[in-house]
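This report looks at charged side-chain pairs and at the setting of one helix. The sequence and structure come first, and the discussion follows.

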Amino acid sequence: MPSARRTARQTDLLERLVALLAAEGFASFTLDDLAERLHCSKTTLYQLAGSKQDLVREAVKHYFRTAAEAVEKKVADTTAPSDRVLAYLNAVAEQLRPLSRQFLDDMAGFRPARDVYEANTRLAADRVRQLITEGVTEGVFRDVHAAFVGEVAAATMQQIQRGEVAARTGLSDSEAYAELASLIVHAVSS
């Protein structure tokens, strides 16, 4: 079973696992395949999680936790409200860029991983609402109904997450987030 605190070696292994899964997906891998590709034993993998399903969920959680930290760092380095919205959504787009279509499809088909992505999408939508509210309060954005703009962003983010935007437009998730950033900032700017 996984321990509450990981060793440096376990963290490195988890990061390599995330990179592998992000590039190639996970549905077709067995634990034996993963151990071989990561040059470790199955026992070592079991120290991260008790099963392949738990291992995938742990990798997805790690990916999104790390991505959220990187996104918030970009926002923290920005002061103007419109730049903060752009920084936030463009940073989300940047974090999604390494995810292969196979990984996104596998995630959509595996409930525990999909739940993690959906939870992160809800958090991102809430953060967009907050950033818009801040801009309206500071008088930088038009007096828009921030909650409504946030709901439109949330609905779009959910469609991106479910792969609907990619299917209808051909945009990758990353490209769709970049377009959403531009659309929102232009819609709320004075």
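## Salt bridges and a buried helix

With a relative accessible area of 55%, Arg 168 is exposed. This value, like the others in this report, comes from a predicted model. The side chain of Arg 168 meets that of Glu 164 in a salt bridge, with 3.9 Å from N to O, a separation that falls within the 4 Å cut-off for such a pair. The partner, Glu 164, counts as partly exposed at 26% relative accessibility. Both residues belong to helix H9 (residues 164–169), where they sit four residues apart, about one turn of the helix. An α-helix has 3.6 residues a turn, so residues three or four places apart point the same way.

A second pair within one helix is formed by Arg 129 and Asp 126, whose side chains meet in a salt bridge at 2.4 Å, N to O. These two residues are three apart in helix H7 (residues 111–137), again about one turn. Here Arg 129 counts as buried, at 17% relative accessibility, whereas Asp 126, at 44%, is partly exposed.

Which parts of the chain does the salt bridge between Glu 24 and Arg 37 tie together? The two side chains meet at 2.5 Å, N to O, and because Glu 24 lies in helix H1 (residues 8–24) while Arg 37 lies in helix H2 (residues 31–37), the pair joins parts that are 13 residues apart in sequence. Both ends are partly exposed, Glu 24 at 34% relative accessibility and Arg 37 with a relative accessible area of 39%.

The three pairs are set out below.

| Salt bridge | N to O distance |
|---|---|
| Glu 24 and Arg 37 | 2.5 Å |
| Arg 129 and Asp 126 | 2.4 Å |
| Glu 164 and Arg 168 | 3.9 Å |

These pairs are among the 16 salt bridges that the structure holds. Elsewhere, Arg 6, Glu 58 and Lys 61 are linked in a network of salt bridges.

Helix H5 (residues 81–96) offers another view of the model. Its 16 residues reach 23 Å from the first C-alpha to the last, which is close to the 22 Å expected at 1.5 Å a residue. Twelve of the 16 residues of H5 are buried, so the helix is largely enclosed by the rest of the structure. The buried residues include Pro 81, Arg 84, Tyr 88, Gln 95 and Leu 96. What encloses them can be named in part, since the buried residues of H5 pack against helix H4 (52–76), H7, helix H8 (146–161) and helix H10 (173–188).

Terms used
Residues numbered from 1 in each chain as written. Predicted model: local features only at pLDDT ≥ 70, side-chain atom pairs only at ≥ 80, totals over all residues. Heavy atoms only, no water. Buried < 20%, exposed > 50% of the residue type's maximum accessible area, 1.4 Å probe, protein only. Expected span 1.5 Å × (residues − 1). Contact = heavy atoms within 4.5 Å.
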